[in-house]
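I sat down with a new structure today and kept notes as I went. My topics were confidence, charged pairs and record annotations.

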Amino acid sequence: MSKKLMISLLIGSLLSAATLYLAFRNVPLGELVTYLGTISYVWIFPSAALVLLTFVLRVFRWRIILKEALPVGFWPAFHPLMIGFMANSILPGRVGEIARPVLLKKQQGVPMTTGLATVAAERVMDMMMLIALFTMVFGTATSQPDLEVSFAGYRLDGRTLQTAAWAMIRLSLVLLIGLGALAFSPTRRWILKAIEICAALVGRMVPRIEKPAARFGRLLHQIVENVGLGLALVGHPRRVAACTGLTVAIWGVTILSYYVFAMGCPGIEISLVQMTTVVVITCFFIALPSVPGFWGVWEAGGIFALSLFGVPAGDAAGYTLMNHAVQMFPVILVGLGSALVTSVNIWQLASLKSDNGTPQADDTRSVARESS
């Protein structure tokens, strides 16, 4: 393990511990321990099974997105996906988003930029689904404008929720427009033509850098083509429909996993629709800056959401803390198992991002070799 990674893990662990302390300092420890003792932990097993089912559905969706670039079997897609989500849960900097394309490139030969494009396409689908759910529950979330929760060092209120929601909406629109421009052949050809014109123009204006400009132009050309390959799903309506259906199923099962665990938690007596509100609000708040695994801010968002439905802070804290563990630890364990099965050194993989400098480093070097 590199020294830099060890320091990152140590800092992340300290920040997680500090954030959890801030999260629960206003909840009497005795009350929290008493509540945790009243939970029926048998409900962990069906809830955890539903959590893992969401990742099986994610594998099927990712395979459909990847199909144009390279048909990938279930297990060759399953292991990188689980390792990536596991890395996001324990390592800083969302390194798991890079780990998945890196593994896909090393094991299947899929270009890095193509793999990144497929991950971006997944994220857009998830964000669009989250926004759709938010529009359904927005009235509930903002029906108490005076509600305010101070938790985990965060002061959460309706205005914070709206700010996070609009930020995600804007980000989704930007990603959707950018990816759409690269996904469709006509707009992609315009982009490629613009790259060629710009590279030639720079070469004429500054003759000394004509060759480097031409090489850089070819590099950008290759990257755009690779990204377009990763987004080829757009040209297949049936695949788009299948991915949309799987996205709905993923979020439906996620909400159900929250609801099932709540069945064993005293005081968490809310409907499935209300639990949808809890899931949506929690997801918006974990978009705020936080430590790996979202410890602290997840609990803050959960307590804020549950307070909308009159759940006492102590009950909400106990349920949210344990549900967070149920949602995270199965992913971490299965991800570690996938790393073991595939002989992947996750610490070496995590340092690959900093070693390469940029996600496109492998593609950059290969294109540079071809053009020299």
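Below are my entries, in the order I made them.

**Ground rules.** I'm looking at a predicted model, where local features need pLDDT of at least 70 and side-chain atom pairs count only at pLDDT 80 or more, while totals for chains, interfaces and linings use all residues. Residues are numbered from 1 along each chain as its sequence is written, and side-chain values use heavy atoms, with hydrogens and water left out.

**Confidence.** I started with pLDDT (the predictor's confidence in each residue, from 0 to 100). The chain averages 79, and 75% of the residues score at least 70. Next I went by element, taking helices as DSSP runs of H or I with at least four residues and strands as E runs of at least two, numbered from the N terminus. Helix 3 has the highest mean pLDDT, 96, and helix 15 (residues 361-371) the lowest, 36. Over residues 353-372 the score stays under 50, and I noted 26 contacts there beyond four places in sequence (contact: heavy atoms within 4.5 Å).

**Salt bridges.** How many salt bridges are there? I counted a side-chain nitrogen of Lys or Arg within 4 Å of a carboxyl oxygen of Asp or Glu, and the count comes to six.

Asp126 kept turning up. Its side chain meets that of Arg58 in a salt bridge, 2.9 Å from N to O. That pair links helix 6 (residues 112-141), home of Asp126, to helix 3 (residues 44-66), home of Arg58, across 68 residues. Asp126 also forms a salt bridge with Arg61, the closest N and O atoms being 3.0 Å apart. Since Asp126 sits in helix 6 and Arg61 in helix 3, this pair ties together parts 65 residues apart in sequence.

Are these side chains buried or exposed? I used under 20% relative accessible area for buried, over 50% for exposed and partly exposed in between (1.4 Å probe, protein chains only). Asp126 and Arg58 are both buried; Asp126 comes out at 6%, and Arg61 is buried at 0%.

Then I checked Arg100 and Glu122, which meet in a salt bridge at 2.5 Å, N to O. Arg100 lies in helix 5 (residues 96-108) and Glu122 in helix 6, so parts 22 residues apart are tied together. Both are buried. Salt bridges with shared partners join Arg58, Arg61, Glu97, Arg100, Glu122, Arg123 and Asp126 into one network.

**Record check.** The unreviewed UniProt entry lists "transmembrane region" at several spans, including residues 41-60 and 240-261; its positions are in the numbering used here, feature names are shortened, and annotations may be inferred rather than shown by experiment. Residues 41-60 are 85% helix and 0% strand, with end C-alpha atoms 30 Å apart. For residues 240-261 I got 100% helix, 0% strand and 32 Å.
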